[in-house]
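Q: Please take a close look at one strand of this model and describe what surrounds it. Begin with the loop lysine if that helps with orientation, and say how far the prediction can be relied on.

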Amino acid sequence: MSEQDTPERAGPRKLPASLAAHPSVRAVLARRADGGGTPAPPPVIDADWLRALCREAGADDAAAVRLDHPDLAGEREHVLAALPGTRTLISLMVRMNRDNTRSPARSVANQEFHQTDEQVNAAARAVARALQDAGHRALNPSAGFPQEMERFPGRIWVVSHKTVAVAAGLGVMGLHRNVIHPRFGSFVLLATVLVDAPVSAYGRPLDYNPCVDCKLCVAACPVGAIGKDGAFDPLACTTHNYREFMSGFTDWAQTVADSEDAADFRDRVTDPENASMWQSLAFKPSYKSGYCLAVCPAGEDVLGPYLDDRKQYLDTVLRPLREKTETLYVLPGSAAQRYAERRFPHKPAKEVSGGWRPPGRHRQDPGPA
């Protein structure tokens with residue numbers, strides 16, 4: 001290839017006559033001829049401009065991290081599949097109202113989760129649109145649900161917002177597997193924006209952990225998913241907390257299919273459970289717990305009452321959640337079942353499948369007829 005033929009120096013390709021005659025094409029070409037075409041985006045996004053944009057969009061904090069950051073090695077393939085050419089990930093954070101999140105009334109706590117989720121999604125979308133208007137390619141994956149369910153039971157999310165937030169310096173992962181922000185603590189939800197350009201300055205990981213090692217998340221979890229030593233049982237957490245999300249609904253549907261009649265179904269599923277599943281399907285899925293986040297005192301804006309009177313904090317924040325009578329959903333014979341029955345005898349433990357297919361029950365695909 002000669003120097004004159006390189007893509008950088010080559011002129012625009014000749015358009016087919018039918019395409020060149022299209023009114024939209026003629027308008028674009030005319031603007032270009034008059035020097036009014038779309039200007040090239042800046043090669044580097046100004047970090048101060050970007051931060052102001054994120055705050056104006058509704059984020060309470062934001063930071064950027066380059067895609068080639070070593071802590072994002074596991075995300076790189078998935079990010080590039082979502083937006084080829086991605087250079088930077090922008091982590092956005094929106095804080096939650098603490099007392100709503102702490103409420104034993106699940107309707108109050110879940111409304112707070114869902115409204116904050118909507119706000120952080122809206123903020124990420126506004127940032128992506130502004131970057132697009134500036135000439136960049138940008139994409140904002142969902143902050144929560146829905147997910148890529150065709151991949152189930154594998155990785156169903158586009159990007160791990162927590163991993164990105166920690167790499168960008170917005171917080172540190174706590175024992176409860178939630179990101180703890182140095183100011184807002186655990187009361188935050190996250191989103192990520194992918195963009196095809198570098199940024200003039202990136203966030204730096206925190207040099208300390210905002211966690212105060214109180215272990216209240218361990219004490220609050222009704223199924224023992226969080227260990228004092230840092231161990232975590234994700235299956236115990238998802239089986240209970242996500243009971244009315246996809247896996248719990250699958251288990252509920254299997255129960256319907258397995259029941260002999262309506263009376264048998266009512267013996268298996270209580271009226272409150274049935275009504276709660278309907279409410280989650282009609283409105284939005286309800287988290288059954290989230291207590292680990294609710295009791296966490298970490299964060300400069302959150303820590304004061306815990307420091308002032310730890311006993312009162314335990315009485316007003318932790319105790320109502322521990323004493324609440326509620327059904328705990330556990331896998332048969334699991335450590336979660338044994339923990340729930342031992343530590344929370346007033347909370348009935350109910351055996352469920354968690355939505356997984358029982359062994360030997362998979363049917364072979366008959367293939368095309």
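A: **From the loop to the strand**

Lys-215 sits in the loop that links strand S6 to helix H8 (216–220). The model is a predicted one. Lys-215 has a relative accessible area of 23%, so it counts as partly exposed, a class that runs from 20% to 50%. Setting aside neighbours within four places in sequence, Lys-215 contacts Leu-175 and Lys-228. Trp-278 is 63 residues away from Lys-215 in sequence, and their C-alpha atoms are 35 Å apart in space.

S6 (residues 188–195) leads to the strand in question, S2: the two run antiparallel and are joined by 8 bridges. Within this pairing, Ser-91 has Thr-192 of S6 as its bridge partner. S2 also pairs with strand S1 (residues 61–66), again in the antiparallel sense, over 6 bridges. There, Ala-64 is opposite Ile-90 of S2. S2 covers residues 88–95, and 7 of its 8 residues are buried, so the strand is largely enclosed by the rest of the structure.

Ile-90 is a useful residue to follow from here. Beyond neighbours within four places in sequence, its contacts are Leu-50, Cys-54, Ala-63, Ala-64, Leu-131, Ala-191, Thr-192, Val-193 and Val-195. Ile-90 belongs to the largest nonpolar core, which has 32 residues; Leu-50, Cys-54, Ile-90, Leu-92, Leu-131 and Val-193 have the most contacts inside that core. At least two core residues come from each of helix H3 (47–57), S1, S2, helix H6 (106–133) and S6. H6 contributes the most, with 8 residues. Apart from this core lies another, of 19 residues, including Leu-89, Met-93, Val-179 and Leu-194.

H6 has 28 residues, which at 1.5 Å a residue should span 40 Å; the C-alpha atoms at its ends are 40 Å apart, so the two values agree. Just after H6, Gly-135 adopts a positive phi of about 105 degrees.

As for confidence, the average pLDDT over the chain is 90, and 92% of the residues score at least 70. Residues 1–11 have pLDDT below 50, and this stretch makes 6 contacts in the model beyond near neighbours in sequence. Residues 360–369 also have pLDDT below 50, with 3 such contacts.

Methods:
Residues numbered from 1 in each chain as written. Predicted model: local features only at pLDDT ≥ 70, side-chain atom pairs only at ≥ 80, totals over all residues. Heavy atoms only, no water. Buried < 20%, exposed > 50% of the residue type's maximum accessible area, 1.4 Å probe, protein only. Helix = DSSP H or I, 4+ residues; strand = E, 2+ residues; numbered from the N terminus. Pairing = 2+ DSSP bridges. pLDDT = per-residue confidence, 0-100. Contact = heavy atoms within 4.5 Å. Core = buried A, V, L, I, M, F, W, Y, C linked by side-chain atoms within 4.5 Å. Expected span 1.5 Å × (residues − 1).
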